[in-house]
Amino acid sequence: MSTVALFARLKLRLLAGNLRGDLQRKLGFLLTTVVALGTAVLGFLLMSLLRLAPRELAVELVIVAFTLFLIGWMIVPLLAFGLDDTLDPAKLALFPLPARSLAIGMFTASVTGVWPLTMLVVTSGALIALPTGIGGLLLGVPAVLLQFALCVVTSRLITTGLSSALRTRRGRDVLAVAALFVVLVAQLPNLLLNRGFGDPEALLAGLAGVLRWTPPGMAAHAIADGGLTGLGELALLALLTAAIGWLWIKALSRALVTPDVSTQAASVRKDSGWIDRVLPDGPLAAVVGKELKYIRREPRFRVGWFSAIVVTLILSFSLGRTAGEGGPGGPALPIVITAFGALMIALQSGNTFGFDGRSLWMNAVTFGSERDLGTDLAGRHLANALIATPLLAVIAVATGLFTGHPGSILPAMLAGWGALGIGLGVGSMTSVVLPYGVPERMNAFSSAAPGQGGQAFASSMGAMAGIALLSLPFLVPLAFGLLWVSVAAPFYGLLVEVLGRRLAARIGFARLPELMAAVGKAS
Amino acid sequence: MTDAVRTHGLFKRYGQQIAVAGVDLVVPAGSFAGLVGPNGAGKTTTLSMITGLLRPDGGTAEIDGFHVWRDPVEVKARIGVLPEGLRLFERLSGRELLTYSGRLRGLPKAEVERRAEELLTVMDLTGAADKLVVDYSTGMRKKIGLASALLHNPSVLFLDEPFEGVDPVSANTLTEVLRGFTASGSTVIFSSHVMDLVERLCDWVSVMNQGHIVAQGPLEQVRGGRRLNEAFLELVGGTGHARGGGLSWLGAGARQPAPAPAPVDEPRQDAQ
C-alpha cells in the first residue's frame, strides 16, 4: 500500500514539476485537463445512452468499444513512450526494489493521471448501458475494473518488453515510422464504410461476433449477461490479467538487468552535391542541403511528409467517391484536394525551429542580423518547396484524372503551389510567435513537449486559420469556376511567403533567446 | 592590453531565484582563462549571456569592445562557442556538421572543406567523420563541437565544461589544440570544476560563487602561493560541514553486520 502511495505521489510530483513557473505550460495543462474531462463526460454519456439503443446493437457497440480501448492502450503509450518519466524502468534500476513492488509502483504510476481516469470513467459508462438486472450490475463493477486493469497491464507489458529496443536510436526510428501504419489501419473501417462494403449494421454484427471472444469482448458480454456465463467469463478475464501481469513482472526484472544496446553506427552516404551546382555558394545552399538531409534522415520529418501525403490520399478517396455519385465538387474538386495537400505539407513548417530543439544554438551563434535568420528560413522553405512542388503537381494530375476533370489539372497545380507559398509564409510566422519543443524521443505524433500541448494546438490552429484566410482570395473565385485566377495564385503565394518570412525574421531575431528557450524544453 | 571580455553588472533571475547577481567578469585578450565555481554558481548562465544565447535581465557584456546585444554581427563573428549539454545537429555526419556551420557563417565551401578536413585529422575523428553525430560518444561530441567552434577562427572561444566526460586521450588532444590557439594571441574562456586542470592550463582565473565573482585575476594572484584547490575552497566556503557532526551514521563503524550464514560442513572449494 505504501508503494502505491509513494508512486502515486511521485507521478503527481512529476506532473507538477513539469508545470512549475511557466504560464504557458500551465495553460497547456489546463487545456489538456479540460479536454480530458470533456472526453470523460461525453464518453460516459455516449456509453450510457446506449441503453436507449436496441439491446443487440448496444451490446455489439460496447464489445467493439472495449476492444478498441484495449488496442488504444496497447498502441498509444508506445507512441508516447518517454512522455512519462515514471514509465521507464531503467530510471529505477538502481533502487533496491523487488520486481513485485516495482510492478505495483509502475502500475500505480500508469493509472495516475488525467487520461487513465478518463478511460475509467468512460468504461464505467457500460454499467448504465448494459446490465438488465442486479446480476449484471454486480458483475459489471468487477468487469469494468478488470477491463481497465487489463488495458493498463497489457500496455505496460508491451512498453517494457520493447523498452530495450526503444532505447536504441534505430529502434526508435523504426517505430516512429511504423506509427504511420497505425494511422492507416485506423482509417480502414472508415474507408471501407465509405466505399460501401455491405451495410454498416451487418458489418458491426459480424465484427462484434468475432470480438465477443476477445478478453475485452468477454468483459462487455459479462455485463450484458449478468448470469453464470458472465461469471465464468470474468474469472477467465481475471486469470488472463493476472497472467499478463506476471509476464510483465518477468519482463521488468529482465529489463532491469539488460543493458542499453547501442547500435553500431553506419556511415552516411556522401551527398551528390547537386544543390551546390544549382545554388550559389553560401549560407542559403548550406541550409537547403542540411534541410534535405534532415528530411531524409530524421524520423520526425519522414513521418511528417508521409502523413501529409497519406491524409491527402484519404481525403481524395472519400471526396472522390461522393463526387463520383454526383455529389458536390465537380471541376473544383482537384483544386480543393491539391490545396489541402499543400496545406498539410506547409503545416510541417508551422514550427520549423521546434525540430532543431536544443541544437538551435548552433544557428543562433551565427545569426548576427535579421538577414541571417531570413536566409535560414528561406533555405528551409526552398528545401520544402523542392520536394513539395513536384509532389503537388503529381497530386494535381492524379486527382484531375481520378475525378474525371482533366481540365482542372493545371488550375489545381497552380492553386496548390499558391497555397504552399501561403502556408510557408504563415508557418514562418507561427514558428517565431508560438514556438514549442518537439520531443526528440521517438514519438512522432505527440507533437509537443509535455505541458506545451496547448501551445502546439494554438500554433497549428493559428497556422490553419491564417492559411485558410489568406487562401480565400483565390480559392473562392476558383470554386465559382473562374479558373483563370489560378494563374495569379503562385505569385500571390510567393508574395505571402516573402512577406511572412521577412516579418518572421524581424520578430524572430528580436526574440532569439526566447525562441531557443521555448524549443529547448523537450529533451 | 585590451580586454577580450568585459561584463558589467550582468544579472539574471529565474522566477524567485537569482542565478547571476551582478557579475563583472574581465578576461584580458590572449589569456587562457578558467571560470571556476561550485555547481549552481551561475557559470553556465553567465557564459550563455555573454555569448548572446540568453537574454540578461540587467547589465552589459562586451567582447573585444563590442556590445553583445547591440552589435551582434561583430560579436558573433568573433566568438566560438561550445555550450554545456551539447546538442548538435544530430542527423548530420561530423563532416557535414562542420561544413554546415562554416558555410552558415558565409565562408566559401572549398575553404570550409579544407579546414574541416584538417580539424578532423587533428581531433582524430577521421574514422568517424561520416557517421551521424547522434551516434557519437561524449568525447567525440566535445571534439566535433570544439572543431565547429574553431572553424571560423574566432578570436574568443567560450567552452562550458569542455573536459567533462572526456577520456584522457581526447582531453589531451583538446588541451593541445587550445594551447596552440591561445599561443597565437586568441582567448579561451572555459568553465570547469576540476581545479587541477585549471591550474595546469590557465593563466587567468575567475572564481564564481552564488552568482557573484568572488575572486579574479592572474592565476598566481588568485591562489596566493597555495594550491588553487585550497584557495578555491576558502573562497567559496566549502570546508564547513564536511566533518562537522552530521553524517554520524555514515561509514563502516555504524553499519549493522549481515547475519552470519548458516554453518557449512565442507569448506568451499575455490576455483583453480
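Two residues are in contact when heavy atoms lie within 4.5 Å. Keep that in mind for the views below, which all come from a predicted model.

**View 1. A308(A) and the residues it touches.** Start inside chain A, with helix α14 (residues 299–324), where A308(A) is found. Setting aside neighbours within four places in sequence, A308(A) is in contact with M344(A), I345(A) and Q348(A). Is A308(A) buried or exposed? A308(A) has 3% relative accessibility, and buried means under 20%, so A308(A) counts as buried. You can also look for L347(A): in sequence, L347(A) and A308(A) are 39 residues apart, while from C-alpha to C-alpha they are 8.9 Å apart in space.

**View 2. Where chain A meets chain B.** Now pull back to the interface. The size of an interface is often given as the accessible area lost when the parts come together. Here, chain A and chain B bury about 3,500 Å² between them, and 59% of that is on carbon and sulfur atoms. How many residues does the contact take from each chain? Chain A gives 42 residues and chain B gives 33.

**View 3. Polar pairs and the chain A side of the interface.** The interface of chain A and chain B has 13 residue pairs in polar contact, both residues being at pLDDT 80 or more. On the side of chain A that touches chain B, the elements giving two or more residues are α8 (169–194), α13 (283–297), α16 (361–364), α20 (489–510) and α21 (512–519) of chain A. Which of these gives the largest share? That's α13(A), with eight residues. Sorted by class, this side of chain A has 19 nonpolar, seven polar and 16 charged residues.

**View 4. A salt bridge from chain to chain.** Side chains of opposite charge can pair when their charged atoms come close. Across the interface of chain A and chain B there are four salt bridges. To see a salt bridge between the chains, find R55(B) and E514(A), whose closest N and O atoms are 2.9 Å apart. Over all chains, the count of salt bridges comes to 29.

**View 5. A network of charges in chain A.** Some salt bridges link up with others. Which residues make up the network here? Look for K290(A), E291(A), D356(A), D376(A) and R380(A), which are linked by salt bridges.

**View 6. Chain B as a whole.** Before zooming in again, take in chain B, with its nine helices and 11 strands. Of the 272 residues in chain B, 50% are buried. The accessible surface of chain B is about 13,100 Å², and carbon and sulfur atoms account for 51% of that surface. How far apart in sequence are the residues that touch? Among chain B contacts between residues at least 6 apart in sequence, 66% join residues at least 24 apart.

**View 7. Two salt bridges within helices of chain B.** In the first pair, R78(B) and E74(B) meet through their side chains, 2.8 Å from N to O. These two are four residues apart in helix α2 (residues 72–78) of chain B, so about one helical turn separates R78(B) and E74(B). R78(B) is partly exposed, with a relative accessible area of 25%, and E74(B) is partly exposed at 34%. In another pair, E111(B) forms a salt bridge with R115(B), with the closest N and O atoms 2.8 Å apart. E111(B) and R115(B) sit four residues apart in helix α4 (residues 109–122) of chain B, which means they are separated by about one helical turn. Relative accessibility is 23% for E111(B), which counts as partly exposed, and 25% for R115(B), also partly exposed.

**View 8. A salt bridge between distant parts of chain B.** R227(B) forms a salt bridge with E199(B), and their closest N and O atoms are 3.3 Å apart. Where do the partners sit? R227(B) is in the loop between α8 (219–223) and α9 (228–236) of chain B, and E199(B) is in helix α7 (residues 195–201), 28 residues apart. R227(B) is partly exposed at 46% relative accessibility, whereas E199(B) is buried at 11%.

**View 9. T46(B) and its surroundings.** Finish in helix α1 (residues 43–50) of chain B, the place of T46(B). With a relative accessible area of 1%, T46(B) is buried. The T46(B) side chain reaches the backbone oxygen of G42(B) at 2.6 Å. Leaving aside neighbours within four places in sequence, T46(B) is in contact with L10(B), V20(B), V23(B) and M208(B).

Methods: Residues numbered from 1 in each chain as written. Chains lettered and ligands numbered in written order. Predicted model: local features only at pLDDT ≥ 70, side-chain atom pairs only at ≥ 80, totals over all residues. Heavy atoms only, no water. Buried area = accessible area lost by both parts, 1.4 Å probe. Polar contact = N/O pair within 3.5 Å; in protein donor to acceptor, adjacent residues only side chain to side chain. Nonpolar A, V, L, I, M, F, W, Y, C, P; charged D, E, K, R; others polar. Buried < 20%, exposed > 50% of the residue type's maximum accessible area, 1.4 Å probe, protein only. Areas by Shrake-Rupley, 256 points an atom, 1.4 Å probe, with all protein chains shown as cover.
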